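I opened my notebook to look up the cysteine links here. My entries follow in the order I made them.

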Amino acid sequence: MSRRALAPAVLALFVAGCHGAAPGAPPDGGLAPPTDGFQIVSPDVTIQPGQEITYCYYFRTPNTAPLVIKRWASAMTPGSHHMILYTTKTDTMPPGTISATTCGGFGASNLPSWTYAAQTPTAEVALPSDDGTGLPLGQVIAAGTPAYFQMHYLNATDAAIQAHVTLNAEAYPAGAKYTQTAVYVTYNASISIPPGAVGHVENMACDVPAGAKFWSMSTHSYKQSVKTVVKDGTAAAAATVFSSVDWEHPGARAWAAAPYYAFTSGKLTYECTYDNTGDNAGSTVVAGPSAAVNEMCMASGYYFPATRPLFCLNNLGPF
């Protein structure tokens, strides 16, 4: 199957939200804006009792010149399950659009790039300060980059709540020397978990660029997932790079200093094991955006030296 044929199915999952916040006092006790960089604050949305919903809010980053990011930090109000920041090449919706239903409009030439994610109320990613040659790692954000959040909410209380996300992008001073890093993300669009299945395994393998070094690796899945694994190679006995048994808070493996991690096999296998024994047990669960009725199997990591983010769809790519 071609990349173009697969793209519409996977792109349905990429949904988002946020807008630029003026410098000043932290909003609602959130993060103070960075001195160098920018802050994004999503508009408040009302989540009804028991409601599970994903909102989209499209924007452009407020920087007027390219920035090299050294640290991401986020704060989510109660009711937020996770957030993901994506960047794109062009606007997919007019900046300022917020919607829980209109989250499409993507094409094969405008694939969204996973840039930062959080699954806890407060989180941060500080990029390594030494690439092994004395240079810090930096993630490049061009001026006015089209971007969006995925903001997934679940209100488990008996009262309506107001929810939003705050994101800080802290940058190096202009002119600082650095080595560029970017994200490497995989997505399995072919998941199909039979009704009542126990121990059902889905896996795919993707190429890794020669010479790529990774300083972080994690996974992303939904509630049917009981285990996620990233391996170096395709053999059954391939070395485990990352593993988690907690779909909600999988954590991450980080390498803080050289030599970092290289996939010596040239292949990254990402694998998810599922038990379809909960409230979806009577139906086949397939890949999709809803944490309530769908599933995901993703690996996400940061690599360098980089010139751009890389995305692998099933076992096609990266591109």
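Entry one. I began with Cys297, which counts as buried because its relative accessibility is 0%. I kept in mind that this is a predicted model.

Entry two. I then asked which residue Cys297 is joined to. A disulfide links Cys297 with Cys272, with an S to S distance of 2.1 Å. I looked up the turn about the S-S bond next. For Cys272 and Cys297 it comes to 90°, and the link is right-handed. Cys272 sits in strand S22 (residues 267-274), while Cys297 sits in strand S24 (residues 297-304), so this pair ties together parts 25 residues apart in sequence. I checked the partner's accessibility too. Cys272 has a relative accessible area of 0%, so I noted Cys272 as buried.

Entry three. How many disulfides does a search of the whole structure find? I noted 2.

Entry four. I turned to the link between Cys206 and Cys312, a disulfide with S to S at 2.1 Å. Where do its two ends lie? Cys206 belongs to strand S17 (residues 200-207) and Cys312 to strand S25 (residues 310-313), so the pair ties together parts that are 106 residues apart in sequence. I looked up the handedness here as well. The torsion about the S-S bond of Cys206 and Cys312 is about -90°, so this disulfide is left-handed.

Entry five. Are these ends buried or exposed? Cys206 has 0% relative accessibility, which is under the 20% cut-off, so Cys206 counts as buried. Cys312 also has 0% relative accessibility, so I put Cys312 down as buried.

How values were computed. Residues numbered from 1 in each chain as written. Predicted model: local features only at pLDDT ≥ 70, side-chain atom pairs only at ≥ 80, totals over all residues. Heavy atoms only, no water. Disulfide = S-S within 2.5 Å. Helix = DSSP H or I, 4+ residues; strand = E, 2+ residues; numbered from the N terminus. Buried < 20%, exposed > 50% of the residue type's maximum accessible area, 1.4 Å probe, protein only.
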